[in-house]
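User: Could you take me through one part of this structure closely? I am a first-year student, and I would like each term explained as it comes up.

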Amino acid sequence: MATGAASTPHRRFSVGLTGGIGCGKTTVANMFAALGAAVVDTDEIAHSLTAPHGAAMPAILDEFGAGFATPEGALDRAAMRALVFSDSTARHRLEAILHPRIRDAAYAAAAIATGPYLIFVVPLLIESGTWSERVDRILAIDCPEQVQVARVMARNGMSEQQVRAIMATQVTRAERLAAADDVVVNEGGLDALGPQIASLHAKYLGFSERMSRLPLEHL
């Protein structure tokens with residue numbers, strides 16, 4: 001459960017949206033954005049940081065070597081994925097480079113975002129151990145594990161073994177649901193998602209309005 005974001009004078013109500021690989025986080029976030037929510041996607045930020053000549057690339061290459069860059073200067077994701085699965089320290093070394101930069105960029109994007117409330121899309125929100133302290137509520141996108149596997153295999157061309165290896169690095173479905181304040185079930189189509197998101201949007205607008213009326217010392 002979210003423990004509440006740190007106090008800032010102009011803080012808006014915020015939601016941390018999370019879910020396992022293939023659960024449909026981007027689809028749900030886009031639907032919230034279409035209703036007017038301000039969405040900050042940390043996965044998009046991470047991709048920007050590791051794109052050709054991205055801001056994190058010099059530090060990554062200093063740490064891991066030039067072999068982890070593509071000819072265009074982006075992070076070689078396949079090579080890095082293979083490394084972090086074979087070297088237990090590599091993930092922590094990569095996260096030490098990326099996470100502070102992602103956090104700073106997310107805060108900067110939130111500061112200029114418009115909308116009645118903020119949604120931070122954070123794939124590893126539960127795993128990070130700190131994001132739950134930065135948001136007011138945690139929203140988990142949920143679907144059966146077999147659905148996750150099938151979606152990622154179709155989308156990314158991975159084998160079932162590769163998908164399950166990624167899933168093994170994330171918290172379990174049960175742990176994610178236990179940490180969540182709200183849940184969107186995404187095992188059907190968009191028609192099934194719409195009513196759930198509309199209901200949560202109305203709830204979050206209410207929370208946002210109540211928060212805006214609180215004296216600053218109570219935020």
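Analyst: Let's start with a term. A polar contact is a pair of N or O atoms within 3.5 Å; within protein, one must be able to donate a hydrogen and the other to accept it, and residues adjacent in sequence count only if both atoms are side-chain atoms. Such a pair joins the side chain of Thr18 to the backbone oxygen of Val122, at 2.8 Å.

Before going on, please note that this model is predicted: local features need pLDDT of at least 70 and side-chain atom pairs count only at pLDDT 80 or more, while totals for chains, interfaces and linings use all residues. Numbering runs from 1 along each chain as its sequence is written, and side-chain values use heavy atoms, leaving out hydrogens and water.

Back to Thr18. This residue belongs to strand β1, residues 14–19 (helices, H or I with at least four residues, and strands, E with at least two, are DSSP runs numbered from the N terminus). Its side chain has another polar partner as well: the backbone oxygen of Pro123 lies 3.0 Å from a polar atom of that side chain. With a relative accessibility of 1%, Thr18 counts as buried (buried means under 20% relative accessible area, exposed over 50% and partly exposed in between, with a 1.4 Å probe and protein chains only).

What does Thr18 touch, not counting residues up to four places away in sequence? A contact means heavy atoms within 4.5 Å. Its partners include Val122, Pro123, Leu124, Leu125 and Ile126. Ile138, Leu139, Ala140 and Ile141 are also among them, and so are Lys25 and Arg176.

Lys25 takes us to the next element. This residue sits in helix α1, residues 25–34. Would you expect Lys25 to be buried or exposed? At 13% relative accessibility, the answer is buried. Its side chain reaches the backbone oxygen of Gly20 at 3.1 Å. Setting aside neighbours within four places in sequence, Lys25 is in contact with Leu17, Thr18, Gly19 and Gly20, along with Val121, Pro123 and Ile141. Thr26 is in helix α1 too, but this residue is partly exposed, at 44% relative accessible area.

Now let's view α1 as a whole. Which residues of α1 are buried? They are Lys25, Val28, Ala29 and Phe32. Seen down the axis of α1, these buried residues fall within an arc of 100°, so they line one face of the helix (the arc is that of the directions from the helix axis to the C-beta atoms). A general rule helps here: an α-helix has 3.6 residues a turn, so residues three or four places apart point the same way. What covers the buried residues of α1 includes the strands β1, β2 (38–41), β3 (118–121), β4 (137–142) and β5, and also helix α10. Just after α1, Gly36 takes a positive phi of about 115°.

Next come two cysteines. Cys23 is buried, at a relative accessible area of 1%, and Cys143 counts as buried at 1% relative accessibility as well. Why is there no bond between the sulfurs of Cys23 and Cys143? The sulfur of Cys23 has its closest cysteine sulfur in Cys143, 3.8 Å away, which is too far for a bond. From the other side, the closest cysteine sulfur to that of Cys143 is the one in Cys23. A disulfide is a covalent bond between the sulfur atoms of two cysteines, counted here when the sulfur atoms are within 2.5 Å. A search of the whole structure finds zero disulfides.

Both cysteines share a neighbour, Asn186. Beyond four places in sequence, Asn186 touches Cys23, Gly24, Ile141, Asp142, Cys143, Arg151 and Leu193. Where is Asn186 found? This residue lies in the loop between β5 (182–185) and α10, and is buried, with a relative accessible area of 5%.

Follow Asn186 to Leu193 and you reach helix α10, residues 190–212. Leu193 is buried, at a relative accessible area of 2%. Not counting residues up to four places away in sequence, Leu193 touches Thr27, Val28 and Met31, and also Val184, Val185 and Asn186. Val28 is one of the buried residues of α1, and α10 is among the elements that cover them. As a last landmark, Leu193 and Ala168 are 25 residues apart in sequence and 26 Å apart in space, C-alpha to C-alpha.
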